[in-house]
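Here is a report on a single chain, set out element by element. Sheet, helices and packing are taken in turn.

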Amino acid sequence: MSAITTPSWRLDDETPSETLAAQGFARLSPAASARAAGVNPEALAGLATHWADLPPDEHLRDGGRYRFRRHASLVMSGDGRRIEQRVERPHWQPTDYNALHGGYERWFAPVLDATLADPAFLGLVTGLGAACAAAAGHALPFVEVHQFRIDTAQGIGRPTPEGAHRDGVDFVAVVLIDRVAVRGGETRVFDAEGPAGLRFTMVEPGTALLLDDARMIHETTPLQPDGAAGHRDTLVLTWRRDGFLDPAA
């Protein structure tokens with residue numbers, strides 16, 4: 001891990017919600033992610049099978065063919081412990097948050113029902129959501145789920161082609177699902193109001209990053225093949241208190 005510009009930032013994961021509330025982000029080890037999800041680490045590792053058949057992202061505006069994804073919009077129960085409704089809708093962001101892909105509706109292939117029903121997958125949605133809600137001090141019922149694969153079969157793959165950004169939501173979680181034969185992919189987190197930042201690379205599946213989207217900016221550097229072509233799989237979850245992010249919002 002490269003130099004930490006804010007030594008007071010906590011990097012342990014003993015109390016993720018308190019750390020998230022205090023400094024705007026928290027980094028979780030695979031063991032901490034498994035505890036939050038209420039499953040064992042082996043169950044989290046098994047989630048990689050759900051990333052085997054992601055369709056191509058047809059909306060990349062940089063001309064690349066390196067990103068594959070599925071998407072779902074969920075309304076959670078008041079206690080955040082179960083899915084009350086699945087809403088069929090496109091993903092949308094304003095250009096203020098995503099200059100490359102913002103301003104228009106993007107329809108992606110849906111997350112499969114079997115994926116949402118996997119106890120480890122649902123555990124991440126509810127468990128990490130509970131940590132974010134505790135940090136916020138209120139429920140966060142509107143959740144978007146993104147399954148990503150960044151592939152290096154054709155060379156460079158860009159996890160965040162839009163660059164350093166915020167997502168326009170309340171909280172974000174990035175969970176590493178798998179990492180195979182790639183170099184790069186450094187996670188970078190910056191204070192939205194100043195120069196302070198942190199860099200590290202997620203290597204172990206199950207490692208997670210929780211972000212207060214109003215306070216932090218984040219990005220992931222490009223990937224290169226390490227020998228044979230490889231890939232990096234992530235689960236990205238976002239939460240909002242007041243409805244989904246839509247053009248009329």
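## A covered helix

Helix H5 is mostly covered, with 13 of its 18 residues buried; buried means under 20% relative accessible area, exposed over 50%, and partly exposed in between (1.4 Å probe, protein chains only). The model is predicted, so local features need pLDDT of at least 70 and side-chain atom pairs count only at pLDDT 80 or more, while totals for chains, interfaces and linings use all residues. Residues are numbered from 1 along each chain as its sequence is written, and side-chain values use heavy atoms, with hydrogens and water left out.

H5 covers residues 119–136. Helices (H or I, at least four residues) and strands (E, at least two) are DSSP runs, numbered from the N terminus. From its first C-alpha to its last, H5 reaches 25 Å, close to the 26 Å expected at 1.5 Å a residue. That expected span is 1.5 Å times one less than the number of residues.

Asp118 caps the N-terminal end of H5. One of its side-chain oxygens lies 2.9 Å from the backbone nitrogen of Ala120. The side chain of Asp118 also makes a polar contact with that of His50, at 2.9 Å. A polar contact is a pair of N or O atoms within 3.5 Å; within protein, one must be able to donate a hydrogen and the other to accept it, and residues adjacent in sequence count only if both atoms are side-chain atoms.

His50 is found in the loop between helix H3 (41–45) and strand S2 (67–76). It counts as buried because its relative accessibility is 16%. Not counting residues up to four places away in sequence, His50 touches Ala114, Thr115, Asp118 and Gln147. Contact means heavy atoms within 4.5 Å.

## The sheet

Seven strands form an open sheet in the order S1-S9-S5-S12-S4-S2-S3, with antiparallel pairing. Strand S1 (25–28) and S3 stand at the edges with a single partner strand each, so one side of each has no neighbour in the sheet. The twist averages 20 degrees from one strand to the next. Two strands pair if DSSP finds at least two bridges between them.

S2 pairs with strand S3 (residues 83–87) in the antiparallel sense over 4 bridges. Their hairpin has 6 residues between the strands, and Gly80 there takes a positive phi near 75 degrees. Strand S5 (residues 171–180) and strand S9 (residues 208–212) are also antiparallel, over 5 bridges. Two facing pairs are Leu74 with Arg86 in S3, and Val175 with Ala208 in S9.

Helix H1 (residues 16–23) lies across S1, S5 and S9, at about 145 degrees to S1. Axes are lines fitted to C-alpha atoms, for helices over the stretch in contact, and angles run from 0 to 180 degrees between N-to-C directions.

Ala26 is found in S1. With a relative accessible area of 1%, Ala26 is buried. Leaving aside neighbours within four places in sequence, its contacts are Pro16, Thr19, Leu20, Ala208, Leu209 and Leu210.

## Cores

What sits at the centre of the contacts in the largest nonpolar core? Of its 36 residues, Phe121, Leu128, Val145, Leu235 and Trp239 touch the most other members. The elements giving two or more residues to this core are S1, helix H2 (30–37), S2, H5, strand S4 (142–151), S5, S9 and strand S12 (231–240). H5 gives the largest share, 9 residues. Apart from this core lies another, of 16 residues, among them Trp9, Phe148, Val174 and Leu176. A nonpolar core is a set of buried Ala, Val, Leu, Ile, Met, Phe, Trp, Tyr and Cys residues joined through side-chain atoms within 4.5 Å.

The buried residues of H2 are Pro30, Ala32, Ser33, Ala34 and Ala37. Their cover includes S1, H3, H5 and S9.

## Positive phi

| Residue | Place | Phi |
|---|---|---|
| Gly38 | follows H2 | near 75 degrees |
| Gly80 | hairpin of S2 and S3 | near 75 degrees |
| Gly137 | follows H5 | near 85 degrees |

Ala181 has a positive phi too, near 55 degrees, in a residue other than glycine. Ala181 sits in the loop between S5 and strand S6 (182–184). Its relative accessible area is 29%, so Ala181 is partly exposed.
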